[in-house]
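New to this one? Here's a quick briefing to read alongside the model.

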Amino acid sequence: MLDITILKNNIDIFYKKLKRRGFILDINYINNINKEIKKVKFEKENLEHYRNKTSKKIGFLKLSNKNYKNLKKEVIYYNKILLKKKLYLHKLEKKILKYYYTIPNIPDKETKFGKNFKDNFEVYKWGNIKKYDFKLKDHVELGKKRKNLDFYNSSKISGSNFFILKDKLSLLYRSLSQFMLDVHVENHKYIEIYVPYLVRKKCLYGTGQLPKFYKDLIYTKCSKDNVKKDFKKEKLFLIPTSEVPLTNLFMNDVIEENKLPLFFVSNTPCFRNETTSYGIKNKGLIRTKQFDKVEMVQFVHPEKSNYYLEIITEHAEKILKLLNLPYRKMSICTNDIGFSSSKSYDLEVWFPYQKKYVEISSCSNMKDFQSRRINIKFLDKNKNKRYVHTLNGSGLAVGRTLAAIMENYQCKNGKIKIPNILKNRYMKGLEFI
């Protein structure tokens, strides 16, 4: 969330900055509701003043044994009107807060202006694109040929956009997760965290998935623990990424400055309701309703967050380099950055069958956008409480990494060569699938 006080005092400046990323701030709506809130607050304060004044008079009359019935009626009347004013004020504040939650982050000054993904620009390419002397197959055909990638039975069990892996391909998938975690923990000094896969609604509001992406989320209802018999039903959401529980680790907390930066990593399944045409067009392991992802989250000092964006991106790149997968680093333009992001890079891995680069990681600097919503602060050297900056990045999406390996490491006979980095430590010396 943006700083609401600064927004209200500089609404025209915020309008221009948000317009750069394609969001039109409804200034009239904000001003009208805030004007009404101010008016109701003034009326409420006046009523409280008269009510309190009358209550004091009743006190004096009680002491002198005089009649105060009429004044008591006035107090009861004031209380009734006050209750209505308070309820109306709460309704107005809830209404404006709901709108504030729909406002995306302000793009960083380094984020290039652009209308859509076509305006993203390439920072650099890494790796050599291999030339093949045989007809290439995509990862779906390769998996089916080896009989270890199964979409038929997964659709019987769960419907479309799910997958089943078998035998050595399943081992490779699991090995990739372990390999990624080991690199981030051992080389990059992240703390590995095991997190819940179900989260409360407020956690998703905190990281910015709600309210905008409600239709993309999958949720369930369960009974909330309560001593009373009348159990209250609470929606719990399956995590779309472990960014959600990881970032909410410090909800309403104050972190000591000397503990920053904090690096956390988690490997979890991710659940998304992929119903868009974009999801339909990307077959196989590229876009599914359930997939695994190794996620990195950082809590850093506000003055260093763009520096750490470069660091977290390098951490994701390291995985691709160790796997020797060609990729490119893309700087994301204003209209293509995520809702909560101020500045982002995408890493796109080369898929030889499609002859194009496909996103495999997104690394973003959220600045204080999430920490304001979640209320995560740090205590600086002057003992002032300030909001930390949060960053996150995929390190990496496991399914897409598997698909990229299958295509880039395919052989003429349909076998898949195991990357050298995985062969002995993770794949038990296996050279081919």
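What follows is a short tour of confidence, aromatic rings, backbone oddities and one helix.

This is a predicted model, where local features need pLDDT of at least 70, side-chain atom pairs count only at pLDDT 80 or more, and totals for chains, interfaces and linings use all residues. Residues are numbered from 1 along each chain as its sequence is written, and side-chain values use heavy atoms, with hydrogens and water left out.

**Confidence**

- The chain averages a pLDDT of 92 (pLDDT is the predictor's confidence in each residue, from 0 to 100), and 94% of its residues reach 70 or more.
- Residues 276-281 are a weak spot in that respect, with pLDDT below 50. Beyond near neighbours in sequence, this stretch has four contacts in the model (contact means heavy atoms within 4.5 Å).

**Aromatic rings**

- Rings of Phe, Tyr and Trp (its six-membered ring) pair if their centres lie within 6.5 Å; planes under 30 degrees apart count as stacked, over 60 as edge-to-face and the rest as tilted. By that rule there are 19 aromatic pairs.
- Take Tyr77 and Tyr78: their ring centres are 6.2 Å apart and their planes sit at 55°, so this pair is tilted. Tyr78 is buried at 15% relative accessible area (buried means under 20%, exposed over 50%, partly exposed in between, using a 1.4 Å probe and protein chains only).
- Tyr190 and Phe263 also make a tilted pair, with centres 4.9 Å apart and planes at 35°. Tyr190 is in the loop between helix 7 (167-187) and strand 4 (191-192), while Phe263 is in strand 9 (residues 262-271), so the pair ties together parts that are 73 residues apart in sequence. Helices (H or I, at least four residues) and strands (E, at least two) are DSSP runs, numbered from the N terminus.
- Both partners are buried: Tyr190 has a relative accessible area of 3%, and Phe263 has 13%.
- Ring pairs also join Tyr190 and Phe263 with Tyr307 and Tyr308 in a cluster.

**Charges over rings**

- A charge sits over a ring if NZ of Lys or CZ of Arg is within 6 Å of the ring centre and within 35 degrees of the ring normal. Lys235 does this over Tyr219, at 4.2 Å from the ring centre.
- Lys329 has its charged end over the ring of Tyr345, 4.1 Å from the centre.

**Backbone oddities**

- Most residues other than glycine have a negative phi, and most peptide bonds are trans. Here are some exceptions.
- The Leu260 to Pro261 peptide bond is cis, with omega near 0°; Pro261 is in the loop between strand 8 (254-256) and strand 9.
- Another cis bond runs from Gly395 to Leu396, with omega near 15°, and Leu396 is in strand 16 (residues 389-397).
- Lys355 has a positive phi, near 55°. You'll find Lys355 in the loop between strand 12 (343-351) and strand 13 (356-367), exposed at 64% relative accessibility.
- Asn375 isn't a glycine either, yet its phi is positive at about 70°. Its loop is the one between helix 12 (369-374) and strand 14 (377-379), and Asn375 is partly exposed at 28%.

**Helix 11**

- What span should the 18 residues of helix 11 (residues 305-322) have at 1.5 Å a residue? The answer is 26 Å (1.5 Å times one less than the number of residues), which agrees with the 26 Å between its end C-alpha atoms.
- Its buried residues include Tyr308, Ile312, His315 and Ile319.
- Just after helix 11 comes Asn324, with a positive phi of about 55°.
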